[in-house]
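Here is a friendly walk through this structure, grouped by topic so that you can follow along in your viewer. Please have the sequence and the 3D view open side by side.

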Amino acid sequence: MISFLLGVEDLADTRFAISPIHEAVLSLRVLREPGLYALHLPWRRSVVDRIDASTADTLLSLVGPDRALPDFLTPRPTEFAAPFEDELAVVRRTAPDIVRRDVRAAYPRGRLPAALRAVTGSDDEAVCALRDAICDHLQRYWEAAIKPAWPRMRLVLEADMTYRARQLAVGGARLLFADMHPNLRWRDGVLHIDKMIGQHHVAAAGRGLLLVPSIFSHKPAPPVGRDEPPLLAYPCRGVATLWASAPAADATALTSLLGAPRARLLHLLAEPLPTVEIARRLAVTPSAVSQHLRVLHATGLVTRARDGRHVLYRRSPLGDQLADPSAGR
């Protein structure tokens, strides 16, 4: 068990952060042991063929026999949502001794994979070369496996933080941690994290607590080192909805939403057209078309641009999504 002793000032300095590099590194467990992460199987199936074999071999070797990962790969976020490249730059600056310590900690019973055995020697240059190679592979892995889904993932993470912030505002620390995970217990100013590989007690001592919601974390994950400031990556809410397929579009839904005349008009505006041509095609008066176009333009469903004496109307990207939902998939 690992526990954090949090004083009043630490609770006042409890903050949230989003960490793309945390997600990239923790997702390696899903690739390594898919049977333990059923919710993420759709994601795994979609990305496994995009990952270079050399990258996969090197990165999967970082997952220890107990699914531990070297701490230096997930640096403490220094801002709310740093770009992946900024976090990776921090990893590239990790001192050789820290790389050795953290890789060995992921393999507490020894038997390091061949790809990581540079950490067993005293050659700092070899360790730095290993660290840099890992970072190069992480960059390629991010581009292939995480970045395409990152906008959706970030929305889920931010939704979780909104929920947690409300829990804290309404019920304090007790309610904040109450439904975060069964392994967490808050009692008498101490946050207990059960079922951990290590066992130590950390006094926050004015350093606060940083909470990092995670898509790929299956249980609360504090730093392994007892000297690190209190940080807790925890499984966020709503992960089950992330990889679900979008429901099939109902062909009548747009008509129900906009009414038949405006729905027909929106379907027609896949190409730029002037009011008179729209009226001709729909066999209605130009004034009737103008009335509907004003509403569609005001709601952002169509755009307009002048071409000589005519004003041309066309569906906006939002209008495209409504008229043809399959185009955005």
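A good place to begin is strand β7 (residues 231-235): five of its five residues are buried, so the strand is largely enclosed by the rest of the structure. Please keep in mind that this is a predicted model. From β7 we move out to its sheet, then to a second sheet, a helix and a few single residues.

**Strand β7 and the three-stranded sheet**

- Both faces of β7 are covered, with L231, A233 and P235 buried on one side and L232 and Y234 buried on the other.
- β7 belongs to an open sheet of three strands, in the order β2-β6-β7, with parallel pairing.
- The edges are taken by β2 (14-16) and β7; each has a single partner strand, so one side of each is left without a neighbour in the sheet.
- From one strand to the next, the twist in this sheet averages 25°.
- Strand β6 (residues 209-214) pairs with β7 in the parallel sense over five bridges, and here L211 stands opposite L232.
- β2 and β6 also run parallel, joined by three bridges; F16 stands opposite L211 in β6.
- L211 is thus a handy residue to click on, as it stands opposite L232 in β7 and F16 stands opposite it as well.
- Helix α9 (residues 150-178) lies across β2, β6 and β7, and it runs at about 135° to β6.

**The four-stranded sheet**

- A second set of strands forms an open sheet of four, ordered β3-β4-β1-β5, with mixed pairing.
- Its edge strands are β3 (184-187) and β5 (200-203), each of which pairs on one side only.
- The twist here averages 20° from one strand to the next.
- Strand β1 (residues 2-5) pairs with β5 in the parallel sense over four bridges, and F4 stands opposite V202 in β5.
- β3 and strand β4 (residues 190-193), by contrast, pair in the antiparallel sense over four bridges; the bridge partner of R185 in β4 is H192.
- These two strands, β3 and β4, form a hairpin with two residues between them, and D188 in the turn has a positive phi of about 55°.
- Which side chains of β3 point to the buried face? They are L184 and W186, while R185 and R187 point to the other face and are not buried.

**Helix α13 and its surroundings**

- How does the length of helix α13 (residues 286-298) compare with what 1.5 Å a residue would give? Its 13 residues should span 18 Å, and the end C-alpha atoms are 18 Å apart, which agrees.
- V289, L293 and L296 are buried in α13. Viewed down the helix axis, the buried residues of α13 fall within an arc of 65°, so they line one face of the helix.
- The face of α13 turned away from that buried side carries the exposed residues S287, R294 and A298.
- Cover for the buried residues of α13 includes the helices α10 (253-258), α11 (260-268) and α12 (275-282), together with the strands β9 (302-307) and β10 (310-315).
- Just after α13, G300 takes a positive phi of about 80°.

**A buried arginine**

- R100 sits in helix α7 (residues 96-106).
- Is R100 buried or exposed? With a relative accessible area of 8%, R100 is under the 20% cut-off and counts as buried.
- The R100 side chain reaches the backbone oxygen of G121 at 3.0 Å.
- Leaving aside residues up to four places away in sequence, R100 touches V119, G121, S122, D123, D124 and V127.

**Two alanines with positive phi**

- Most residues other than glycine have a negative phi, which makes the next two residues worth a look.
- A205 has a positive phi, near 50°, and lies in the loop between β5 and β6. A205 is exposed, with a relative accessible area of 66%.
- A283 has a positive phi too, near 60°, and its place is in the loop between α12 and α13. The relative accessible area of A283 is 70%, so this residue is exposed.

Terms used: Residues are numbered from 1 along each chain as its sequence is written. Side-chain values use heavy atoms; hydrogens and water are left out. Two strands pair if DSSP finds at least two bridges between them. Axes are lines fitted to C-alpha atoms, for helices over the stretch in contact, and angles run from 0 to 180 degrees between N-to-C directions. Buried means under 20% relative accessible area, exposed over 50%, partly exposed in between (1.4 Å probe, protein chains only). The expected span of a helix is 1.5 Å times one less than its number of residues. The arc is that of the directions from the helix axis to the C-beta atoms. Contact means heavy atoms within 4.5 Å. A polar contact is a pair of N or O atoms within 3.5 Å; within protein, one must be able to donate a hydrogen and the other to accept it, and residues adjacent in sequence count only if both atoms are side-chain atoms.
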